[in-house]
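Colleague: Please take a close look at a single part of this model, and then set that part beside the annotated regions of the chain.

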Amino acid sequence: MKRQIFSAEHDAFRETVRTFLAKEVLPHYEQWEKDGIVSREAWLAAGRQGLLGLAVPEEYGGGGNADFRYSAVLAEEFTRAGAAGLAIGLHNDIIGPYLTSLATEEQKRRWLPGFCTGEIITAIAMTEPGAGSDLQGIRTSAEDRGDHWVLNGSKTFISNGILADLVIVVAKTSPEGGAHGLSLLVVERGMAGFERGRNLDKIGQKAQDTAELFFHDIRVPKENLLGELNGAFVHLMTNLAQERMGIAVAGIAAAEHLLEITTAYVKEREAFGRPLAKLQHIRFEIAEMATECAVTRTFLDRCIVDHANGELDAVHASMAKWWATELQKRVADRCLQLHGGYGYMTEYRVAKAFTDGRIQTIYGGTTEIMKEIIGRSLLD
């Protein structure tokens with residue numbers, strides 16, 4: 001089915017993204033995976049190409065266009081290229097809204113120009129060794145010392161953790177913490193007491209630096225409070241819909257791409273003297289996956305448009321996230337199976353997609369959390 005949500009401008013942007021990937025990312029990606037981190041030069045190249053800060057107002061160096069469909073194009077093309085390591089979606093669609101909607105004028109002028117050029121790489125530090133989706137369990141704390149906060153604690157599984165120059169840290173700023181006692185504090189590279197742990201060894205997305213972060217008596221200036229004091233819970237909930245949509249868009253794009261390469265493979269691969277595509281079981285597998293992808297794509301495109309128009313609610317974002325990522329997981333498993341032994345070889349795209357995509361049902365809120373949000377909206 002022909003997609004109807006993109007204009008000629010979106011199509012032109014897609015070509016720009018593909019050119020960028022072909023020139024600045026794919027030739028280096030194998031080395032980045034060996035290194036466990038992408039080059040900072042790639043971030044600067046993305047900035048020069050205008051791929052960073054799409055929604056940031058032009059006065060701060062951004063694109064001045066908040067149309068989420070451009071972010072969807074980025075997510076789709078990076079997913080099809082298998083280039084999850086350069087976490088532009090995290091930077092643009094998760095961190096960006098915090099800075100554009102919550103930062104003071106002074107903070108915007110201090111941080112946003114570098115955000116858009118790639119000179120300032122960002123991360124958000126929410127997850128802790130003992131607290132993931134449950135914000136009530138956060139222990140990292142900040143003590144008010146008059147003109148500054150003293151921050152102590154640790155975070156884990158932080159994407160961009162090694163490269164990040166600016167980290168938005170979720171911390172307790174009142175004894176009770178939780179929904180009424182968390183704040184967002186911005187920690188910057190070079191602050192005394194800010195230490196990075198190991199670059200974590202993951203089963204997939206090898207080029208994406210994911211780290212432990214440690215905060216030892218860091219003096220965080222009061223000017224680095226982002227948003228309202230003790231208002232982090234509301235701020236976090238406000239931005240989760242966009243985060244989940246970005247993950248969902250990548251999920252359906254991955255499923256569609258896996259279906260494409262597997263369809264081509266079974267046409268060429270022979271068994272018992274004829275192509276696999278001639279076997280009824282194979283045709284049924286392809287038919288089922290194609291139908292599931294088509295139905296999911298229709299729903300996702302509607303969600304993309306609704307979000308671009310400011311009409312998508314948290315429940316439908318949760319539906320999109322859990323359905324698209326679970327479909328991605330199923331399709332990756334079935335496509336690997338259809339590749340047989342070759343599917344287990346890392347030189348084949350399907351093997352890499354199988355491991356790279358496994359995190360999709362976990363980060364941004366697990367499938368179980370998504371179902372809880374949906375169920376609660378219908379039954380409470």
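Modeller: A helix here is a DSSP run of H or I with at least four residues, and helices are numbered from the N terminus. The model is a predicted one, and the part I would choose for a close look is the place where helix α6, residues 232-268, packs with helix α9, residues 349-356.

The axes of α6 and α9 lie 10 Å apart and meet at an angle of about 155 degrees. Since angles over 145 degrees count as roughly antiparallel, α6 is therefore described as roughly antiparallel to α9. The crossing by which α6 passes α9 is left-handed. On the α6 side the contact is made by His257, Leu258 and Ile261, and α9 contributes Arg349, Val350 and Ala353. Sorted by character, the residues of this contact divide into four nonpolar, one polar and one charged.

For the surroundings, one can turn to the record, where an unreviewed UniProt entry places the feature "domain: Acyl-CoA dehydrogenase/oxidase C-terminal" at residues 236-379. Over residues 236-379 the chain is 75% helix and 3% strand, with its end C-alpha atoms 24 Å apart. The annotation "domain: Acyl-CoA oxidase/dehydrogenase middle", again from UniProt and unreviewed, covers residues 123-217, a stretch that is 0% helix and 49% strand and has its end C-alpha atoms 20 Å apart.

The feature "domain: Acyl-CoA dehydrogenase/oxidase N-terminal" is placed by UniProt, in an unreviewed entry, at residues 7-119. Over residues 7-119 the chain is 70% helix and 0% strand, and the end C-alpha atoms are separated by 31 Å. Two details can be added from helices α1 and α5. In helix α1, residues 8-35, Glu30 and Lys34 lie four residues apart, about one turn of the helix, and their side chains meet in a salt bridge with an N to O distance of 3.8 Å; the structure holds 33 salt bridges.

Arg109, for its part, is found in helix α5, residues 105-117. Once its neighbours within four places in sequence are left aside, Arg109 is in contact with Glu59 and Tyr60. The C-alpha atom of Arg109 is separated by 9.7 Å from that of Gly61, although Arg109 and Gly61 are 48 residues apart along the chain.

Note on methods:
Residues numbered from 1 in each chain as written. Predicted model: local features only at pLDDT ≥ 70, side-chain atom pairs only at ≥ 80, totals over all residues. Heavy atoms only, no water. UniProt positions renumbered as here; feature names shortened; annotations may be inferred. Axes fitted to C-alpha atoms, helices over the stretch in contact; angles between N-to-C directions. Parallel < 35°, antiparallel > 145°, perpendicular 65-115°, else oblique. Left-handed = near helix turned anticlockwise from the far one by under 90°. Contact = heavy atoms within 4.5 Å. Nonpolar A, V, L, I, M, F, W, Y, C, P; charged D, E, K, R; others polar. Salt bridge = Lys/Arg side-chain N within 4 Å of Asp/Glu carboxyl O.
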